[in-house]
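Biologist: I'm new to this one, so could you take me on a close look at a single part, the largest cavity, and set it in the context of the rest of the chain? Please keep it relaxed.

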Amino acid sequence: MIVNAAILSFAERLGQLDLLDFVRRNLNFLLYTFRSNGEVTTGLSEAGFENGLPSGYAVWKKMSIVDQNGLYATAGDLTLNTYLSRFDNGIIRPYLNHPNPNFQIGNDSRLFVTSNIGQFLETELELDNNWVNRLPMDSQYEKFYQKSNIAFIRSGKTSTTIMGNQSNFFSLHNDSIAIDSILISSIYQGFRHVLMTGLAIDRKTYLTESETVQCVFRPKSKKREVVALNFRIFMEIDRIKDGFELNFTTEGWDGIPLIIEFGLRKVGTLFVGDCNWDLSETDVVFLSEELAIIENNKDRIKIEGGKVEHKIFQAKSNSNFARLFLAPVTPYEGVIRITAQ
């Protein structure tokens, strides 16, 4: 949003209103990142961190006035309401219902909030878009941006993001509960995050595969050898009723342990078989053949297709997610079914 604000400022001061076309293109893309609870998809960067916090209130508001655009006005309202709902003693919560109110990230500190309040008051005094007729955002769509390797899919209160060229290639949010990320790691000569490369679509199936995994050996102190490992992962993501099926196939060496890690929002309760966990206090759970259910109020996500053939994983001292692990060993052909209600 910083770039959009800069372009908007240049267009106003230089009188080059044609520059606004770049802002419109970006905003029209960002409209599809909004979720039913006012959060947005924020895991588009290589870091892939999801905090759901929208931004750019002034940009949405100014452009709603310039274009008399009701969708931009609605996006601005959602941005403001979601941002204000995050305040807790002057600190912004990373999620609407995050169990740790003292958590903060980056510049979302009390000082940052104070400066933003000043900017907000200035925006409110100078701009009035109450006269712009608000339009409801689309709640049923499937948008695939091939050059960006990303797909946004929404069905009612359930929003899904599929990304290529990312370690975090899939997320699904069902209002108050969420799978914020799915990561794959292989365990050979150490832990390696598997990068799923470019995203393609064949009819209604999303196709992606892992990059060629390389291993670096140092047989001598001044010698370095790079060897391509004989190991690939292929994945097809199919839309099904109320959700998705993730079809995995591996090719190459046998006996390589894999970790398929679901990063679960720390909100709600996780049920697996006869056991249950309060996600706000949970760090790691392994999923074998039992059905996993995440519940919070009326929101529910089901995960089927678990498998545990080892229990090797990397410990994290301060994880922002509850980590649900599937742990197969190659060769692996499996189907993971994710549905939301």
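Modeller: Of the 341 residues in the protein chain, 48% count as buried. Bear in mind that this is a predicted model. The chain is built with five helices and 22 strands. Take the contacts between residues at least 6 apart in sequence: 58% of them join residues at least 24 apart. On the outside, the accessible surface adds up to about 16900 Å², and carbon and sulfur atoms own 49% of that.

Now for the part you asked about. Searching the whole structure turns up three cavities of 30 Å³ or more, and the largest cavity has a volume of about 40 Å³. Its lining is made by Tyr-32, Thr-33, Phe-34, Arg-35, Thr-41, Tyr-141, Phe-152, Ile-153, Ser-159, Thr-160 and Thr-161. Two elements, β4 (150–155) and β5 (158–163), are the ones that give two or more residues to that lining. The largest share, three residues, comes from β5. Sort the lining by class and you get five nonpolar, five polar and one charged residues. Both domains take part, too: domain 1 (1–126) and domain 2 (140–340) each supply at least three of the lining residues.

If you follow the chain on from β5, you reach the loop between β5 and β6 (170–174), and that is where Asn-165 sits. Asn-165 isn't a glycine, yet its phi is positive, about 55°. With a relative accessible area of 37%, Asn-165 is partly exposed. There is a similar story to tell about Asn-297, which belongs to the loop between β19 (292–296) and β20 (299–304). Asn-297 also has a positive phi, near 55°, in a residue other than glycine. Its relative accessible area is 74%, so Asn-297 counts as exposed, the cut-off being over 50%.

While we're on backbone quirks, have a look at Gln-68, just after α3, where phi is positive at about 50°. Helix α3 itself spans residues 57–67, and its buried residues are Tyr-57, Ala-58, Val-59, Trp-60, Lys-61, Met-63 and Ser-64. Another one to spot is the peptide bond from Thr-330 to Pro-331, which is cis, with omega near 0°. You'll find Pro-331 in the loop between β21 and β22 (333–340).

That brings us to β21, the strand of residues 322–326, which includes Ala-322. The relative accessibility of Ala-322 is 2%, and because buried means under 20%, Ala-322 counts as buried. What does Ala-322 touch, leaving aside its neighbours within four places in sequence? The contacts are Phe-262, Gly-263, Leu-264, Lys-266, Leu-279, Thr-282 and Asp-283. Val-267 is 55 residues away from Ala-322 along the chain, and their C-alpha atoms are separated by 9.2 Å.

For a companion to Ala-322, try Ser-186, which is part of strand β7 (residues 177–187). Ser-186 has a relative accessible area of 2%, so it is buried. Setting aside neighbours within four places in sequence, Ser-186 is in contact with Phe-191, Arg-192, Val-194, Phe-231, Ile-256, Pro-257 and Leu-258.

Terms used:
Residues are numbered from 1 along each chain as its sequence is written. This is a predicted model: local features need pLDDT of at least 70, side-chain atom pairs count only at pLDDT 80 or more; totals for chains, interfaces and linings use all residues. Side-chain values use heavy atoms; hydrogens and water are left out. Helices (H or I, at least four residues) and strands (E, at least two) are DSSP runs, numbered from the N terminus. Buried means under 20% relative accessible area, exposed over 50%, partly exposed in between (1.4 Å probe, protein chains only). Contact means heavy atoms within 4.5 Å. Accessible areas come from the Shrake-Rupley method with a 1.4 Å probe; for residues, only the protein chains shown count as cover. On a 1 Å grid over the protein atoms alone, a cavity is a set of points where a 1.4 Å probe fits but cannot get out, and a pocket is an open set with protein on both sides within 12 Å along at least five of seven lines; lining residues have an atom within 4 Å of a point. Grid points are joined across faces, edges and corners, and a volume is the space filled by probe spheres set on the points. Ala, Val, Leu, Ile, Met, Phe, Trp, Tyr, Cys and Pro count as nonpolar, Asp, Glu, Lys and Arg as charged, and the others, Gly among them, as polar. Domain bounds come from an automatic or database domain assignment.
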